[in-house]
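Work through these exercises with the structure open beside you. Try each task before you read its solution.

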Amino acid sequence: MTSVELHVITDAADRLATATVTKTPCAPVRDLIGRDDIDAAYRIQSLNIEGLVASGQRVVGRKIGLTSPSVQQQLGVDQPDFGVLLDDMDCTGDAEVDSGRLLQPRIEAEVAFTLSRDITAPITVDDAPGYVADVYASFEIVDSRIVNWDISLADTVADNASSGLYVLGDRIDRADAPDLAAIEMSMTENDTEVSKGKGADCLGSPWHALVWLANTALAYGTGLRAGDVVLSGALGPMVPVIPGATYTATMSGLGSVTAVFSA
């Protein structure tokens, strides 16, 4: 259990919440809690999520971050983390993603799941498919409230795992899903390839990522629920978003997802 005092957790949460409201990136919070106190960082995340839920937003799932070696290298971290998805983050079906909602957006292609039932006890890779209803090609539009993406692991965890928005694309039934470790992904920006990867780049398989999330979330006291959306983590390097650009990712055996950003 972290020894960081509550007033420090509150100060860090307030710093991030203010950056969100003012659309002005803030200083890292590691100056308050240190680089390595992940328990304190999750306390900050939870405090801000509680405030958003109290204001009327609704939890609809979770996202896993920092699963791809290329993304870990981009951000200088060495392990995954998780954040909370809220209903207003879902841009599925929108004609455009509103660039004005974002501070420093980057985009990454991911496999997403919706869950068919609650996960109330630790699971294994063999168990995981039995908890999934549907599998999607998806985009996570990550964002950082911290200036210039100057983040340690504790910073990004506190900042809701650098969550922003998401888009779900083509969907298939879990029973029809291909071998997720073997899928190939290509992402284009205005028809030019800007990122590529494969399912195995996500902790060995998106199924492994789901297991990591389910078991880690249980350890923090908040298990996954039926109907939750799970973004399982990047399949390739994330790319800075250009307002006005169109991004499309194709995934072998899953289909594609497209996001058009407002200028």
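A residue is buried when its relative accessible area is under 20%, exposed when it is over 50%, and partly exposed in between. Keep these cut-offs at hand. The model is a predicted one.

**Exercise 1. A salt bridge between two loop residues**

Task: Find the salt bridge between arginine 101 and aspartate 88, and say whether each partner is buried or exposed, or in between.

Solution:
- Step 1. Start with aspartate 88. Its relative accessible area is 35%, so aspartate 88 is partly exposed.
- Step 2. Turn to arginine 101. Here the value is 33%, so arginine 101 is partly exposed too.
- Step 3. Check the distance. The N-to-O distance in this salt bridge is 3.8 Å. The cut-off is 4 Å, so the pair counts.
- Step 4. Place the residues. Both arginine 101 and aspartate 88 lie in the loop between S2 and S3, so the salt bridge ties together parts 13 residues apart in sequence.

Side chains of opposite charge can pair when their charged atoms come close.

**Exercise 2. Two further salt bridges**

Task: Find the salt bridge partners of arginine 145 and arginine 30, and place each pair in the chain.

Solution:
- Step 1. Arginine 145 pairs with aspartate 159, with their closest N and O atoms 2.7 Å apart.
- Step 2. Arginine 145 sits in the loop between S4 and H5, and aspartate 159 in the loop between H5 and strand S5 (165–173). They are 14 residues apart, and the pair links distant parts of the chain.
- Step 3. Apply the cut-offs. Arginine 145 has a relative accessible area of 10%, so arginine 145 is buried. Aspartate 159 has 4%, so aspartate 159 is buried as well.
- Step 4. Arginine 30 forms a salt bridge with aspartate 150, and the closest N and O atoms are 2.9 Å apart. Arginine 30 belongs to helix H2, while aspartate 150 lies in the loop between strand S4 (132–142) and H5. The two are 120 residues apart.
- Step 5. Aspartate 150 has 36% relative accessibility, so aspartate 150 is partly exposed.
- Step 6. Look for a third member. Arg30, Asp150 and Asp155 are linked in a network of salt bridges.
- Step 7. Set these pairs in context. The whole structure holds eight salt bridges.

**Exercise 3. Building a sheet**

Task: In which order do the strands S6, S7, S10 and S11 lie in their sheet?

Solution:
- Step 1. Begin with S6 and S7. They run antiparallel and are joined by six bridges. Glutamate 184 stands opposite lysine 198 in S7.
- Step 2. Strand S6 (residues 184–189) also pairs with S10, antiparallel, over five bridges. Methionine 187 faces alanine 249 in S10.
- Step 3. S10 pairs with strand S11 (residues 255–260) over six bridges, again antiparallel. Methionine 251 has glycine 255 in S11 as its bridge partner.
- Step 4. Join the pairs. The order is S7-S6-S10-S11, in an open sheet of four strands. S7 and S11 are the edge strands, each pairing on one side only. Neighbouring strands are turned by 15° against each other on average, direction ignored.
- Step 5. Look at the turn. S10 and S11 form a hairpin with three residues between them. Glycine 253 in this turn has a positive phi of about 85°.

**Exercise 4. The two faces of S10**

Task: Which side chains of S10 point to the buried face?

Solution:
- Step 1. Walk along residues 246–251. The side chains alternate.
- Step 2. Tyr247, Ala249 and Met251 point to one face and are buried.
- Step 3. Thr246, Thr248 and Thr250 point to the other face and are not buried.

**Exercise 5. What covers helix H3**

Task: Which residues of H3 are buried, and what covers them?

Solution:
- Step 1. Helix H3 (residues 38–54) has 17 residues. It reaches 24 Å from its first C-alpha to its last, close to the 24 Å expected.
- Step 2. The buried residues are Ile38, Ala40, Ala41, Tyr42, Ile44, Gln45, Asn48 and Ile49.
- Step 3. Their cover includes helices H1, H2, H5 and H6, along with strands S1 and S2.
- Step 4. Go past the end of the helix. Glycine 56 follows H3 and has a positive phi, near 120°.

How values were computed:
Residues numbered from 1 in each chain as written. Predicted model: local features only at pLDDT ≥ 70, side-chain atom pairs only at ≥ 80, totals over all residues. Heavy atoms only, no water. Expected span 1.5 Å × (residues − 1). Buried < 20%, exposed > 50% of the residue type's maximum accessible area, 1.4 Å probe, protein only. Contact = heavy atoms within 4.5 Å. Pairing = 2+ DSSP bridges. Salt bridge = Lys/Arg side-chain N within 4 Å of Asp/Glu carboxyl O. Axes fitted to C-alpha atoms, helices over the stretch in contact; angles between N-to-C directions.
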